[in-house]
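The following report describes how the sheets, helices and nonpolar cores of one protein chain are arranged, and it is best read beside the coordinates.

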Amino acid sequence: MTTEATTRRTPGAPCWVSLMVHDLAATEQFYGALFGWEFKPGPQHFGPYVRAYLQGREVAGIGELAPERQLRVAWTTYLASDDADAAAEQIRGCGGTVAVGPLDADDEAGRMAIASDPEGAVFGLWQGKEMVGAALVGVPGTPVWNELVTRGTDVAAFYRSVFGYETHLEPAAGDDYLTLHLKDRPVAGVHGAGDALPREPGPHWVTYFATADTDAAVRRVVELGGQEVRAARDTPYGRVAMVADPEGAEFALLQQNE
């Protein structure tokens, strides 16, 4: 069943995911073959940038880094905002950092910023105008969940202060796992990994993409030049695997329980 994204984004809800890479053409080939995405040009403020489409609807963005920018390649989760400038001030006031913006991403598309929480996990802000975010979610090849992996779930207090989330313990998901709720609906997770959190990348947001068959999708990732990071496993929410694209950007694959 096709899932349409809501046209009015609740502030704080993950609304978009974007990836900055070194080889845009090769990355388009990888994700096009894996998810069936097609690509059209997007805002070019920071260099070449495309929006990925599935079934004619926007699902993600991919941009190309300038050659001299040797940054770690990673998917970035964007959280919706009605006022990116006010949210940026709130982030600073609560101990976070705003590294980019707020600035207009395009004449009418929206206003964005790139920030990090007090533990260093990077996320984006998106104040949508003409482009409110992903227009299709929850079906194979689209974002289905976003999760903060960090040392401990205490950092959730920062997100509560900035975005007004309610937090719920989720014992079924692990010893230190919270879900972030808006209007009584879970919108994201916080996984406290403790000493198991790797030094690189450290605290970070993870994008989960829906798939009809996790094991087959992992095999396809490897065939296309990516790698399996964590083998597929069954969870209370479905079958999950962690993989990386050819440039090393990690993401999760989730085959949801029926």
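## Cores and sheets in a predicted model

In this predicted model, the largest nonpolar core comprises 28 residues, and those with the most contacts inside it are Tyr31, Trp37, Ile62, Trp75 and Phe251. At least two residues of this core come from each of strand S1 (14-21), helix H1 (24-35), strand S3 (49-54), strand S4 (57-64), helix H4 (214-223), strand S15 (238-244) and strand S16 (250-256). Of these contributors, H1 gives the most, with 5 residues. Leaving aside residues up to four places away in sequence, isoleucine 62 touches a set of residues including Leu19, Leu24, Tyr31, Trp37, Phe39, Val50 and Trp75. A second, separate core of 26 residues includes Ala13, Val98, Val162 and Phe163.

Two open sheets can be described in turn. In one of them, 8 strands follow the order S2-S3-S4-S1-S5-S8-S7-S6 with mixed pairing, and its edges are formed by strand S2 (38-41) and strand S6 (97-104), each of which pairs on one side only. Neighbouring strands of this sheet are turned against each other by 30° on average, direction ignored. S6 and strand S7 (110-116) run antiparallel and are joined by 5 bridges, and leucine 103 has methionine 112 in S7 as its bridge partner. Helix H2 (84-93) lies across S6, S7 and strand S8 (122-128), while helix H3 (156-163) packs on the sheet by touching strand S5 (75-80) and S8.

The other open sheet also has 8 strands, in the order S10-S11-S12-S9-S13-S16-S15-S14, and its pairing is mixed. Strand S10 (166-169) and strand S14 (227-235) stand at its edges with a single partner strand each, so one side of each is left without a neighbour in the sheet. Here the average turn between neighbouring strands is 25°, direction ignored. S10 runs antiparallel to strand S11 (177-182), to which 4 bridges join it, and glutamate 166 stands opposite histidine 181 in S11. H1 packs on this sheet, touching strand S13 (204-210) and S16, and H4 likewise packs on the sheet, with S14, S15 and S16 as the strands that it touches.

The directions of the four helices, each set against one strand, are listed below.

| Helix | Strand for the angle | Angle |
|---|---|---|
| H2 | S6 | about 170° |
| H3 | S8 | about 15° |
| H1 | S16 | about 10° |
| H4 | S15 | about 10° |

Definitions and conventions. Residues numbered from 1 in each chain as written. Predicted model: local features only at pLDDT ≥ 70, side-chain atom pairs only at ≥ 80, totals over all residues. Heavy atoms only, no water. Core = buried A, V, L, I, M, F, W, Y, C linked by side-chain atoms within 4.5 Å. Buried < 20%, exposed > 50% of the residue type's maximum accessible area, 1.4 Å probe, protein only. Contact = heavy atoms within 4.5 Å. Pairing = 2+ DSSP bridges. Axes fitted to C-alpha atoms, helices over the stretch in contact; angles between N-to-C directions.
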